[in-house]
Amino acid sequence: MDRFVCSIARNHARLINHSDLILQKINKISVEEQGGGSDRQLPNLPPAFPSGELSGRLALLELHPTDACNLACSKCYYDRSSTHIGLDWLVTLLSEWRPRGIVLVGGGEPTLYRDPGGQGGFEDLVGMIRRILPECKIGLITNGTAIPPGHWQQHVTWVRISLDAATPETYLGLKGKDYFTQVRNNLIRYLQGPIRSVGVGFLCTALNVGEVNFFVQNMLELSRNQCRDQPERLNVQFRLFRTRATGRGAHPSSERELVCSPLQLDELKRAFDRLNRVLEVRTFLHQATNWDKLIAPTAESMKPSRFCFRALVFRLLRADGRAFPCFAHVDEAEYVLAEKLGQDSATYVKESEQRAVPFFFREGSGCGEQQCPLMLESHLFGSYLEGGLVDLPDRAKRSPFF
Ligand SMILES: C[S@@+](CC[C@H](N)C(=O)[O-])C[C@H]1O[C@@H](n2cnc3c(N)ncnc32)[C@H](O)[C@@H]1O
Ligand code: SF4
């Protein structure tokens with residue numbers, strides 16, 4: 001396995017040219033490794049890409065309709081630009097790929113989408129997806145500063161609003177604009193609208209970790225006031241800020257400043273201990289949030305381990321029309337909150353297992369508490385494809401990686 005990972009890192013073109021062979025190897029490895037006794041309990045997974053009904057059909061597309069954005073968040077992954085993908089090009093790709101799920105995200109802020117050919121905005125984009133793919137589950141990750149007009153919400157299964165703060169001051173410090181109250185009001189409007197699952201994102205950094213406690217209380221109050229009869233409609237998705245893997249182990253100091261210190265994480269753990277003592281808060285934490293994801297790195301689960309993550313393989317389509325195969329690490333076996341596509345949880349778990357590849361990295365290949373080598377793999381694909389557009393529809397037919 002080590003040899004296999006190293007050979008990918010040395011020659012990433014192999015991943016593109018020999019993806020079918022690599023796929024076979026991954027499936028074989030997953031079987032061998034699972035039998036090999038890990039110090040982390042791995043579920044018994046079916047082959048990464050089963051034959052039959054699901055094969056040849058793209059499971060998940062992460063679509064960046066635009067790189068335009070109205071905020072300037074600290075250390076946003078992406079540079080802003082005025083690039084928007086053409087609706088006509090999208091029609092071609094989606095008709096070919098026929099993904100079963102699409103997440104509209106960015107790049108930039110997806111709700112600011114405008115077709116460069118003058119065929120409309122965000123509502124038209126969602127309407128087009130629905131026309132071409134009547135069964136496709138559509139999710140939206142938005143900064144929540146504005147809700148586009150129109151009837152598009154009835155076609156969207158879930159939305160996640162990146163709030164990332166509990167107070168206007170922290171929000172302004174993180175995002176450079178004073179939109180906290182507006183975003184919170186829009187969150188309430190989403191809860192009053194037709195979208196079944198409304199998530200609130202909180203990316204936990206050294207700058208906002210101190211108000212997680214207040215944020216939880218705030219969200220609980222919102223849940224009580226806005227969805228008393230359907231508390232499952234509101235969920236909170238915490239993520240811990242990690243520096244990007246560079247492959248050289250060095251990160252810009254400005255990124256490192258955002259990483260929570262061990263002291264802060266200890267304090268956070270104590271804050272959750274206190275919150276968990278109150279029955280109503282504990283119920284909310286366990287049923288509507290992934291709070292334990294934040295404290296995991298301070299607990300035993302981050303002990304050195306022979307294997308680390310499972311990877312979700314999905315396709316990313318950028319606003320400039322380039323597409324990449326991507327890996328995301330999935331450290332929750334069930335990956336329940338992260339991309340809930342509106343199924344009951346048993347179906348969801350089954351489907352997420354079908355599209356997740358158990359892809360193991362040994363310690364020493366870049367694993368660490370604050371970085372993930374899977375992100376490096378995605379960057380390798382990215383740099384390979386920097387040269388320009390490839391003939392995606394044809395490749396899509398041949399390989400589940402593409
Ligand atoms: C890039 S944004 C695009 C969608 C939309 N503009 C938004 O803010 O939700 C998608 C998500 O990436 C997160 N994000 C941005 N930069 C990040 C970074 N350096 N590390 C981790 N997450 C980041 C944001 O918090 C947001 O939840
Ligand atoms: S709103 Fe989203 S895309 Fe815009 S800067 Fe913030 S994280 Fe980046």
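**Notes on the model**

1. Let's start at the C-terminal end: over residues 356-402 pLDDT stays under 50, and the model has 98 contacts beyond four places in sequence for them. Bear in mind that this is a predicted model. Where pLDDT is low, the predicted coordinates should not be read in detail, so I'd keep that in view when looking at those contacts.

2. The other end gets a similar remark. Residues 1-56 also have pLDDT under 50 throughout, and for this stretch the model has 56 contacts beyond four places in sequence. For the protein as a whole, the mean pLDDT is 71, with 58% of residues at 70 or more.

3. On to the ligand. Ligand 1 is surrounded by 17 residues, and the closest are K75, G106, E109, N143 and S162. Two strands come up here: β3 (137-142) and β5 (197-204) each supply at least two residues of the shell.

4. What is the make-up of the shell around ligand 1 by class? Nine of its residues are nonpolar, five are polar and three are charged.

5. Now helix α6, residues 168-175. Its buried residues are Y171, L174 and K175. These lie on the same side of α6 because they cover an arc of only 75° around the axis. Part of what covers them is α7 (180-192).

6. One last detail, on the backbone just past that helix: G176 follows α6 and has a positive phi, near 80°.

Technical notes:
Residues are numbered from 1 along each chain as its sequence is written. Chains are lettered from A and ligands numbered from 1 in the order in which they are written. This is a predicted model: local features need pLDDT of at least 70, side-chain atom pairs count only at pLDDT 80 or more; totals for chains, interfaces and linings use all residues. A residue is near a molecule or strand if its C-beta atom, placed from the backbone, lies within 6 Å of it. Helices (H or I, at least four residues) and strands (E, at least two) are DSSP runs, numbered from the N terminus. Ala, Val, Leu, Ile, Met, Phe, Trp, Tyr, Cys and Pro count as nonpolar, Asp, Glu, Lys and Arg as charged, and the others, Gly among them, as polar. pLDDT is the predictor's confidence in each residue, from 0 to 100. Two residues are in contact if their C-beta atoms, placed from the backbone, lie within 7 Å. A residue is buried if 20 or more other C-beta atoms lie within 10 Å of its own, exposed if 12 or fewer, and partly exposed in between; C-beta atoms are placed from the backbone. The arc is that of the directions from the helix axis to the C-beta atoms.
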